[in-house]
Number of protein chains: 2
Amino acid sequence: MARTKTRRASGGREARLAARRAPLTEAIKPVHPGLSGGRYKPLSDGDVDKIWEAAFELLETVGMADAIPHCIDLVTKAGGTLTDDGRLLFPEKLLNWTLEVAAKEFTLYGFDPKYDLSISDERVYFSTAGAAVLYLDPKTRKYRDTTLADLYNMARLAHHMEHIHTFRRTMVPREFKSARELDLNTAYACLAGTTKHISASFFSPDHVDDVVEMFDMVLGEKGAFAKRPFLSGANTVVVPPLRFAQDTCEGLVAQVRHNMPMDVLSAGQAGATTPAPLAGALACGLAEAFATLCFVNLMKPGHKVFLAVWPFVSDLRTGAMSGGSGEEAVLEAASAQIINARGLPSSVAAGMTDSKMPDAQAGYEKGVTVALAAQAGANLICESASMLASLLGTCNEMMVIDNDMLGSIARGVRGIEVNTETLSVQAIRETVHGPAHFLGHPQTLARMQSDYLYPEVAERLDPSNWADLGSLDMTEKASLEVERILAMEKLVHIPADVHNDICKKFPIHLKL
Amino acid sequence: MARTKTRRASGGREARLAARRAPLTEAIKPVHPGLSGGRYKPLSDGDVDKIWEAAFELLETVGMADAIPHCIDLVTKAGGTLTDDGRLLFPEKLLNWTLEVAAKEFTLYGFDPKYDLSISDERVYFSTAGAAVLYLDPKTRKYRDTTLADLYNMARLAHHMEHIHTFRRTMVPREFKSARELDLNTAYACLAGTTKHISASFFSPDHVDDVVEMFDMVLGEKGAFAKRPFLSGANTVVVPPLRFAQDTCEGLVAQVRHNMPMDVLSAGQAGATTPAPLAGALACGLAEAFATLCFVNLMKPGHKVFLAVWPFVSDLRTGAMSGGSGEEAVLEAASAQIINARGLPSSVAAGMTDSKMPDAQAGYEKGVTVALAAQAGANLICESASMLASLLGTCNEMMVIDNDMLGSIARGVRGIEVNTETLSVQAIRETVHGPAHFLGHPQTLARMQSDYLYPEVAERLDPSNWADLGSLDMTEKASLEVERILAMEKLVHIPADVHNDICKKFPIHLKL
């Protein structure tokens, strides 16, 4: 068959460009929130069982120190024991009961219901998270203290990032003198910036009450938050090895009372606060988080909880935390596998980097750690956007870059559909005996929208066109995107009068 | 137990620093070449079977165009058919025979036996590869034509990269007028730069003969190369869909004659030269590469061959190749799984990026694609270091960065050992009732060497120390490492007189 060069170039390409110009409907989008992972299994089933057995043995025979009275009361009534040296032992029967009654699936609400997330099985969602105290300006390579305005801007930015599904606070604004001001302003800035599900931490149970009262004001009705709790508590519940963090545990009580979903989080550092062998770090962290899950379920069976075992890695030469290593990648993926293996919702940390800049190191450390956690089926992948410097730092450009990365990883999680149509034997037969290429094939036009994800910022030009457009690197392109988004109109889901009322009643410093 | 702060800080840390100062023996190293992957299975077993069935159906009923006479002769004698329109059909019996007799495991020799690689099962090795025509200076952000000196330097650099196990030529030096000069100088520069296994392509079977003759001269004995062939042929054997590349197929005949291992490589572009649905791209590529594997085994049953199905992705808006996408990541991992599922050695492409710079995009695209290919158990992960710009470009700094990335990914592939000792129940018990941290625990000292990999260049300083040392990004640090390595003494495995003899006999332009 004779073909002219013109026909070949224009016929397929123009149709394809036109097709891509039309906005994609939700149904046809190549990726969507909550794709199913679980195809990567870092551990054998037998090894998963061994780690659960070790965690249970620790809780039965070594137990947890520093339990709060309410926890001691509930656990001992359920058959537990307080030892003479103050350690709370959990009987096997209670642990198995917890496995049975703990929530296996639930809805994580957005302020806007269109951002509701259905948590179950090995469905994967990406969340920010972090307690950065430094903010990077990548142009000057300078770090400075984080501020409330930084946090609000980052929440606004996250609102527009398609592949970031929940916004947990990424930083600790540094300008506040009291913990109450910090907690209240943090939670409020998260809500003001996005109508996706948000998450924050609390230094004291009173702050939980305050935040819920503020949010009820926004919703216009006392008790409204508890009906659709759109904020979850991020609770570092232990001081490893095997010791409860008492203040945080008091906060759990308040969160349960307000029907607030939560992470119960153990974040040991292997070789420092948990054992250096990776299996031991997992067993220790699992025991700690599970002890807390047990306590929460004794307060309220089936409360919405993510079991969050985040085994952090130290650089054992210096003891410093290292978030971007290969050890970290396999540990967090294994954590998800272990938790999901008992049907429990898993929260892990991936997307950390030890780099101080949004550079190639940051890219690969994030890419490797998030790809493995996502393929392992982690339900909530925290720390997955914007974080730098082993969690000490954060930056808007990094978030925009990470969003493209998360989309690409989600596309991998979606996997490959294999059926008679996709195997394309007939299409190949036609093409071999026809045009000898697939550019104009109807299959190509259809699949380019449903099967291929196009990044927002990442570069695909050839070197010559790239040079013509200024030879920008990814960080520079991300800066332009940050500017574009932050110049957009702000969300108006908090009416001005409500905002003023809240500022009168609570020490809120945020300007909307 | 009372502890002073001094004891605590010095006791653990100094011992750990001292331990790390000692060079690691091979046995204790946390990663080594050929770790076992296969824990990530992008496809179900049933889907793997379906793709094999589709590939066989294509070969049985659509067949391959443009087979060379030698191939037609062998295949028709084995029951195949040449159709009236010149397509060679492969009978099922011949395809199954190929599955049976094809090499399942073999040694890939280095020039130096210490770099010999044992190829089998799901053992993972990293290789460079590429046909870049542009070299990037990341300081000026300028691309220029690649040269023979660039290739030689890159081979020298790769020699010192611990996690790069074979050096396939990364670029096509641009200064040569004839294909013969290009092929001979390329292969010779690879050998001159490293004593690891090397790999190159050939425009003509004569060039294979020439290169083997040169290498026999280096080894000092005619026929020596064939005894321990340390170079393998990289052969793009098809022009998809389902058409042999005749010149390349002639080269296979020469390579088999010289006992040269080889990749038989299908590199279609989904949506352009292979179907847009990912499953169809895999089926088409598998059919093509397998047809070639069949031909090679008809020449010499059990010849050392990597089945190389590299399904490339196009950006379907423009038709341009895109190497760093999520689709690419899952395709290459699936390719490894499919090939390994029949026990055949797999070669895939991962570590490509569409970025023009060694930036965050390059980092995450490489991290995601290589991590998934490695966890899937790809035997030879080509393109895994130094490549940029959708394979059009390459750069030394990128290779140094990628080496750290590959180490980290290898650490993830090694996984987590779970046994009574690593589960650490006893160590946790002792620690809880003792120092309450693991810094000085004997387990920590032992495991910091055997279980934790420390990167060569990647940054782990805190922001303040990093600023004190000049606020370098990963590319700048890599530049220093490139300079350091290229200033080292060159290898002397090619004696000067032999080099001179070779230069007299062949058009070799390399200065050693």
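This report looks at one strand, the contact between two chains, and some salt bridges. The model is predicted.

**Strand 15 of chain A**

Strand 15 of chain A covers residues 312-315. Is it covered on both faces, or on one? Both faces are covered. A:Phe312 and A:Ser314 are buried on one side. A:Val313 and A:Asp315 are buried on the other.

Strand 15 of chain A has two partners described here. Strand 13 of chain A, residues 269-270, pairs with strand 15 of chain A in the parallel sense, over two bridges. There, A:Gln269 has A:Phe312 as its bridge partner. Strand 16 of chain A, residues 320-322, pairs with strand 15 of chain A in the antiparallel sense, over three bridges. In that pairing, A:Val313 is matched with A:Ser322. Strands 15 and 16 of chain A form a hairpin with four residues between them. In this hairpin, A:Gly319 takes a positive phi near 85°.

**Where the chains meet**

The size of an interface is often given as the accessible area lost when the parts come together. For chain B and chain A, the buried area is about 9,700 Å². Carbon and sulfur atoms account for 67% of it. In residues, 115 of chain B are in contact with 116 of chain A.

Polar contacts also link the chains: 36 residue pairs, both at pLDDT 80 or more, are in polar contact. Which helix of chain B gives the most to the side that touches chain A? Helix 12 of chain B, residues 360-375, does, with 10 residues. That side of chain B divides into 58 nonpolar, 28 polar and 29 charged residues.

**Salt bridges**

Side chains of opposite charge can pair when their charged atoms come close. The structure holds 54 salt bridges over all chains. Between chain B and chain A the count is 12. Here are some examples.

| Pair | Closest N and O atoms |
|---|---|
| B:Glu327 and A:Arg411 | 3.6 Å |
| A:Glu221 and A:Lys227 | 3.0 Å |
| B:Asp145 and B:Arg174 | 3.2 Å |
| B:Lys29 and B:Glu162 | 3.3 Å |

B:Lys29 lies in the loop between helix 1 and strand 1 of chain B, and B:Glu162 in the loop between helix 5 and strand 9 of chain B, so this pair ties together parts 133 residues apart in sequence. B:Lys29 is partly exposed, at 21% relative accessible area. B:Glu162 is partly exposed too, at 35%.

In another pair, A:Glu221 is partly exposed at 41%, whereas A:Lys227 is exposed at 55%.

Terms used: Residues are numbered from 1 along each chain as its sequence is written. Chains are lettered from A and ligands numbered from 1 in the order in which they are written. This is a predicted model: local features need pLDDT of at least 70, side-chain atom pairs count only at pLDDT 80 or more; totals for chains, interfaces and linings use all residues. Side-chain values use heavy atoms; hydrogens and water are left out. Buried means under 20% relative accessible area, exposed over 50%, partly exposed in between (1.4 Å probe, protein chains only). Two strands pair if DSSP finds at least two bridges between them. Contact means heavy atoms within 4.5 Å. Buried area is the accessible area (1.4 Å probe) that two parts lose on being put together, summed over both. A salt bridge is a side-chain nitrogen of Lys or Arg within 4 Å of a carboxyl oxygen of Asp or Glu. A polar contact is a pair of N or O atoms within 3.5 Å; within protein, one must be able to donate a hydrogen and the other to accept it, and residues adjacent in sequence count only if both atoms are side-chain atoms. Ala, Val, Leu, Ile, Met, Phe, Trp, Tyr, Cys and Pro count as nonpolar, Asp, Glu, Lys and Arg as charged, and the others, Gly among them, as polar.
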